[in-house]
Amino acid sequence: MTVASLFFYLFSVVLVGAAFMVISARNPVHAVLFLILAFFNAAGLFLLLGAEFLAMILVIVYVGAVAVLFLFVVMMLDVDFTELKQGFLQYLPIGGLIGILLFIELVMVLGAWTIAPEIVRVVDAPVIAGIENTEAIGRLMYTKYVYLFQAAGMVLLVAMIGAIVLTLHHKPNVKRQNISDQVARDPKTAVELKDIKPGQGV
Amino acid sequence: MAEFFAIYVWPALIIAGQSVLLMAVLLVIIAFLLYADRKIWAAVQMRRGPNVVGPFGLLQSFADFIKFICKEPVIPSAANKGVFLLAPIVTTLLALSAWAVMPLGKWIDGTTLVVADINVGILYIFAISSLGVYGVIMGGWASNSKYAFLGALRSAAQMVSYEVSIGFVIITVLLCVGSLNLTDIVAAQESGLASRLGIPWASFLNWFWLPLFPMFVVFFISALAETNRPPFDLPEAESELVAGFMVEYSSTPYLLFMLGEYVAIVLMCALITTLFLGGWMAPLDIPPFTWVPGLFWFILKVCFVFFMISMVKAMVPRYRYDQLMRLGWKVFLPLSLFMVAAVAFVLQIMGWAP
């Protein structure tokens, strides 16, 4: 399929270019915008793989929610670029080392090398015919691995409650609106009429 | 060579032609909806509204269009020029591209009237409409103005909050349908309450607005907030932020923002029609109504929802920001979350789950 491979190279080139611009852009807001472009192209690659559910979820979750909050924070930061650039060479060796390690791991996962030859290789796992990938993911997560999925949900819930507990401060002097109180007020309790003689005031 | 044309060139040309046709018709309809919006607003306030250009002022939107594109675009000197000009284009492009998957009706031979009938259609629309916030944020930030920036920040928080309840409402509808395809969602409303009651001709009772009425209300209000429509137009609140994120825009970029906003509003109307009002189906399943093509019913329902949205604009005062957040997170989120569980429970107990 020539069109599919054409689009593959289009998405891949833009993805790699955008990812490079994320780390090389001088303006942090531009960097976040390039990150969003990279997410988009990754979603395009998912579409080409036939994983349209994952593609849409990637756009909804990462582009629609996470990157918005990223942008939100980055826009309000006052970043000093000269200060940021100073430590660049100092961190270059360790950053490069981590990059190389990740690259080797990826090659090992996707390449011919296997730890145990008898294990069925994950990359070749076939898509069951006649099932949409939305349903296939649903079967895996909510039927086969439902307990692990619930456990992951519990961990996230605990993390969320922890974050709220750590950051919530009850300030004593803050006035809050109590809507039911406001609605329950009637003229009898709220309004008082006074008969004032002219020229005297209250 | 002939094979190459048959496989690649003709399908591409056909899809391009369909898209251009859809866009042209959509934009003309929106021009008149904009006029209708202003007329309704005027009628509620006992004014005349636009009545000068053309008969009854019908051509007002086109006059405005020509005025916008003939003016000079002013770019603030300290603005981030690229992002500043990209923002309105992003807004319009996203709003228009969501229409690609919207099923508008049926041909006589039974195929659906839609540009792309993809099987995750509802997710696609949800994804695209959640990106609408980028146009606002980028425009607000790139303008390098405090009013615009405050508008952008408000908009970011507001649209992300209301997306959550919109997502849960969509999930409740999907539980009743069992498919992410928009055509399937409409088809699932062919039978329902009316056929169970033994009055199959009253097909408007079959649609999801009745069994899922609370969700219908939540979706309608969230759609207003998601499209920055009054009473939730805090990103552009004229009385406090001048015009919010749009304050520095003029001429064609402003036109694109305005256009994108209205396309998004009509998209939300179409989505309400598809999810809750039976899409292209006739309100009564008896001959004089079933003879009318489905496209007509679809447009009629979209216009009805748009009428409700413009009446809300005319009648309801603007929300305060903390009230807006309270409504989104403390009222709609628990309510829609509860309804997801309740609907799933009922479907499972009664054995109605698809």
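Modeller: A salt bridge here is a side-chain nitrogen of Lys or Arg within 4 Å of a carboxyl oxygen of Asp or Glu. This is a predicted model, where local features need pLDDT of at least 70 and side-chain atom pairs count only at pLDDT 80 or more, while totals for chains, interfaces and linings use all residues. Side-chain values use heavy atoms, with hydrogens and water left out.

Biologist: What makes B:Arg318 and B:Asp233 a salt bridge?

Modeller: Their side chains meet at 2.8 Å, N to O, and the cut-off is within 4 Å, so the pair qualifies.

Biologist: Why is B:Asp233 called buried?

Modeller: Buried means under 20% relative accessible area, exposed over 50%, and partly exposed in between (1.4 Å probe, protein chains only). B:Asp233 has 6% relative accessibility, so B:Asp233 counts as buried. Its partner B:Arg318, at 27%, is partly exposed.

Biologist: Nice! What makes B:Lys313 and B:Asp37 a salt bridge?

Modeller: The N to O distance is 3.7 Å, which is within 4 Å, so the definition is met. B:Asp37 also forms a salt bridge with B:Arg229, at 3.1 Å.

Biologist: And why is B:Lys313 called buried?

Modeller: Its relative accessible area is 15%, so B:Lys313 falls under the 20% limit. B:Asp37, at 1%, is buried too.

Biologist: How do you know that B:Cys269 has no bond to B:Cys303?

Modeller: A disulfide is a pair of cysteine sulfur atoms within 2.5 Å. The sulfur of B:Cys269 is 8.6 Å from the closest cysteine sulfur, in B:Cys303, so that is too far for a bond. Searching the whole structure gives 0 disulfides over all chains.

Key: Residues numbered from 1 in each chain as written. Chains lettered and ligands numbered in written order.
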